[in-house]
Amino acid sequence: MSKPALIASAIAALRSTIAAIDSATVSADGRRVAFRSLASTLVPGDTNGSHDLFVRDLAAGTTVRADVADDGAQLADGAYHPVLSPDG
């Protein structure tokens, strides 16, 4: 599958379960999608009312919030522009 087709497929799969996403990017292997969302229902304890960055592992079916402080606390301000390394 070509890279554009892989990206489109991964984002479509993600949007089928999470409607409120934007600024999505896909890992080189197509397994992980990083995205920005204002949804507060993706992970427990998301109460900052701001856009957050998430990484969805399509193979494992898991989502983690990526924009947290070193101690794991949520950030007060919004986050922008998700980026993934080639290996996710």
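This is a short walk through the structure above, from its core to its charged pairs and then to two single residues. Keep in mind as you look that the model is a predicted one.

Let us begin on the inside. The largest nonpolar core is made of nine residues: Ile11, Ile21, Val26, Val33, Phe35, Ala39, Leu42, Val43 and Phe54. Two elements, β1 and β2, each give two or more residues to this core. If you want to find them, strand β1 covers residues 21-26, and strand β2 covers residues 32-37.

Two members of that core deserve a second look. The structure has one aromatic pair. In this pair, the ring centres of phenylalanine 35 and phenylalanine 54 are 5.6 Å apart and the ring planes meet at 25 degrees, so the pair counts as stacked. Phenylalanine 35 belongs to strand β2 and phenylalanine 54 to strand β3, so the pair ties together parts that are 19 residues apart in sequence. Are these two rings buried or exposed? Phenylalanine 35 has a relative accessible area of 0%, so it is buried. Phenylalanine 54 is buried too, because its relative accessibility is 1%.

Now for the charged side chains. How many salt bridges does a search of the whole structure find? The count is four. One of them joins the side chains of arginine 31 and aspartate 57, with N and O 2.9 Å apart. This pair links distant parts of the chain, since arginine 31 sits in the loop between β1 and β2 while aspartate 57 is in strand β3 (residues 52-57), 26 residues away.

Aspartate 57 has another partner. A salt bridge also connects aspartate 57 to arginine 32, and here the closest N and O atoms are 3.9 Å apart. Arginine 32 is in strand β2 and aspartate 57 in strand β3, so this pair, too, links distant parts of the chain, 25 residues apart. Taken together, Arg31, Arg32 and Asp57 form a network of salt bridges. Within this network, arginine 31 is partly exposed, because its relative accessible area is 33%. Aspartate 57, in contrast, has a relative accessibility of 9% and therefore counts as buried.

Strand β3 takes part in a further salt bridge, between the side chains of arginine 65 and aspartate 52, at 3.8 Å from N to O. It links distant parts of the chain, with arginine 65 in strand β4 and aspartate 52 in strand β3, 13 residues apart. Arginine 65 counts as buried because its relative accessibility is 14%. Aspartate 52 is at 0%, so it is buried as well.

Aspartate 52 leads us to another arginine. Arginine 36 lies in strand β2. Its relative accessibility is 13%, so it counts as buried. What is arginine 36 in contact with, leaving aside its neighbours within four places in sequence? The list is Ala20, Ile21, Asp22, Ser23, His51, Asp52, Leu53, Ala79, Tyr80 and Pro82. Ile21 in that list is also a member of the nonpolar core.

We finish at the outside, with histidine 81, found in the segment after β4 (62-65). Why is histidine 81 called exposed? Its relative accessible area is 65%, and the cut-off for exposed is over 50%. Although histidine 81 and alanine 34 are 47 residues apart along the chain, their C-alpha atoms are separated by 9.1 Å.

Note on methods: Residues are numbered from 1 along each chain as its sequence is written. This is a predicted model: local features need pLDDT of at least 70, side-chain atom pairs count only at pLDDT 80 or more; totals for chains, interfaces and linings use all residues. Side-chain values use heavy atoms; hydrogens and water are left out. Helices (H or I, at least four residues) and strands (E, at least two) are DSSP runs, numbered from the N terminus. Buried means under 20% relative accessible area, exposed over 50%, partly exposed in between (1.4 Å probe, protein chains only). Contact means heavy atoms within 4.5 Å. A nonpolar core is a set of buried Ala, Val, Leu, Ile, Met, Phe, Trp, Tyr and Cys residues joined through side-chain atoms within 4.5 Å. Rings of Phe, Tyr and Trp (its six-membered ring) pair if their centres lie within 6.5 Å; planes under 30 degrees apart count as stacked, over 60 as edge-to-face and the rest as tilted.
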